[in-house]
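Trainee: I would be grateful for a close look at a single part of this structure. Please treat the long N-terminal portion of one chain and relate that portion to its surroundings.

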Amino acid sequence: MSLIELLTGSVLFTAAAGSSLQLWALAGAAAVAEQRQQERLEQAEVALARAETYLRGLAPSAGDCTTATAQLLQALAVQPLAPGLARQLEVSPSGDGVVLRVAVAGEAEPRQRLYAPAAFGRCGIPQGGGGGTP
Amino acid sequence: MLPLAMGASLVLLLGSLSAHTVSLQARMQGIREQQQRRAEDRLASAGQQLLAELHRSHPCLLALPLPQWDVQGLACAPAQAIAGLRQGQGLGGSYRLVAWRPELQPAELLLELAAGGGQPARQGAFTVQLAPAQPPAQPQPQITDVRLVGLRGVAP
C-alpha cells in the first residue's frame, strides 16, 4: 500500500463522509419540517371539522337562515385556534352561509369551506320559496 | 486500501441519498394529501351551496329525482333556475350536479368538480337526510343533515 493510495483513499472517504453527513442533515431537517407542517395542517382540519360539529349542534329553528348564519359566524369567531393558523370569516354572497378560511403558515393557499345552516336543517324555509307541489 | 475507501464512500453516499429520497417522497405525499383535502373543501362547499339554494328557493325539487327536474320540476321552478342548479359556481371553481336520488334512504347527492389548476375532475358523493313532507305545515321534505362520504377522480 503506497502513501499515495492511502492519501487518495482518505481524501475520498472524507469527502464522501462529509457529503453524506450534509445529505443526512438535509433529509433530517426536511423530515422535521414536514412533520411540523403536517401537524399544522391537521390542526386546520380540526378547525374545519369543529365548525361543522358546531353547526350540527345548533338547535333547529323555523327562523330566518340569516339569523342562524349570524349565530354561526359569532360562534366560529371565538373558537380556539392552534398556533401557526390564521382564521378569516365572512358571510357568503347569498347571505345564508359562512365562509371559513384557515390559513396555515407555509402554505400558499388557505383551506376554505362554506357552511350553510340550511344544508343542516338549522333554519326554516323562507316565505315565498318555491314550495309549490311539483 | 483504495477499493475499500471507494466501497465505503459509495455505501455512505447511497445511504444518505436514500434518506433524502424518502424525505422527498414524504413531502410529495403531503402535497397530494393537501390537494385531496382542498378538493374535499370545494366539493363540501358546493354541496352546501346547492342544498342551501334548494332549501331557500326551490324546496319542491328536493322530492324529485334529478331526471324529473326538467319534467315535473318545471311545475314549481323555472327552467333557468333548474339549469343554474345543475351547473353552478362555488368556492374555488365550477361544479355540476350529476345525480340527486331522494328516493334512497338517506338521499344521495353526486357532484362533479370541473378540472382546473392542474387538478383532475373529481366527483363527490353526499348522503343527505331528509325529513319527509308533512302537509299542510311542511309541504316539502326538509334537509336535516348532509355528509360528504366519498371522493373519486374522474377519467378525462
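Mentor: What follows concerns helix H1 of chain A and then turns to the core and to chain B. The model is a predicted one, and all values below are computed from it.

Helix H1 of chain A covers residues 3–57. At 1.5 Å a residue, its 55 residues should span 81 Å, and the C-alpha atoms at its ends lie 80 Å apart, so expectation and model agree. Along H1(A), the buried positions are A:Ala27, A:Leu41, A:Ala44, A:Ala47, A:Leu48, A:Ala51 and A:Leu55. Within chain A, the buried residues of this helix pack against helix H2 (65–77) and strands E1 (85–91), E2 (98–104) and E3 (111–115); they also pack against H1 of chain B.

The largest nonpolar core comprises 49 residues, and A:Tyr115, A:Ala119, B:Leu51 and B:Val128 have the most contacts inside it. Helix H1 of chain B (residues 2–57) gives the most to this core, namely eight residues. Leaving aside residues up to four places away in sequence, B:Val128 touches B:Leu51, B:Pro106, B:Ala107, B:Leu109, B:Ile143 and B:Val146.

Chain B has two helices and five strands, in the order α-α-β-β-β-β-β from the N terminus. Its C-alpha atoms fill a box of roughly 95 × 25 × 20 Å along the principal axes. The radius of gyration of chain B is 24 Å, whereas a compact globule of 156 residues would have one near 15 Å. Of the 156 residues of chain B, 32% count as buried.

Note on methods: Residues numbered from 1 in each chain as written. Chains lettered and ligands numbered in written order. Predicted model: local features only at pLDDT ≥ 70, side-chain atom pairs only at ≥ 80, totals over all residues. Core = buried A, V, L, I, M, F, W, Y, C linked by C-beta atoms within 7 Å. Buried ≥ 20, exposed ≤ 12 C-beta atoms within 10 Å, placed from the backbone. Helix = DSSP H or I, 4+ residues; strand = E, 2+ residues; numbered from the N terminus. Contact = placed C-beta atoms within 7 Å. Rg over C-alpha atoms; globule rule 2.2 N^0.38 Å. Expected span 1.5 Å × (residues − 1).
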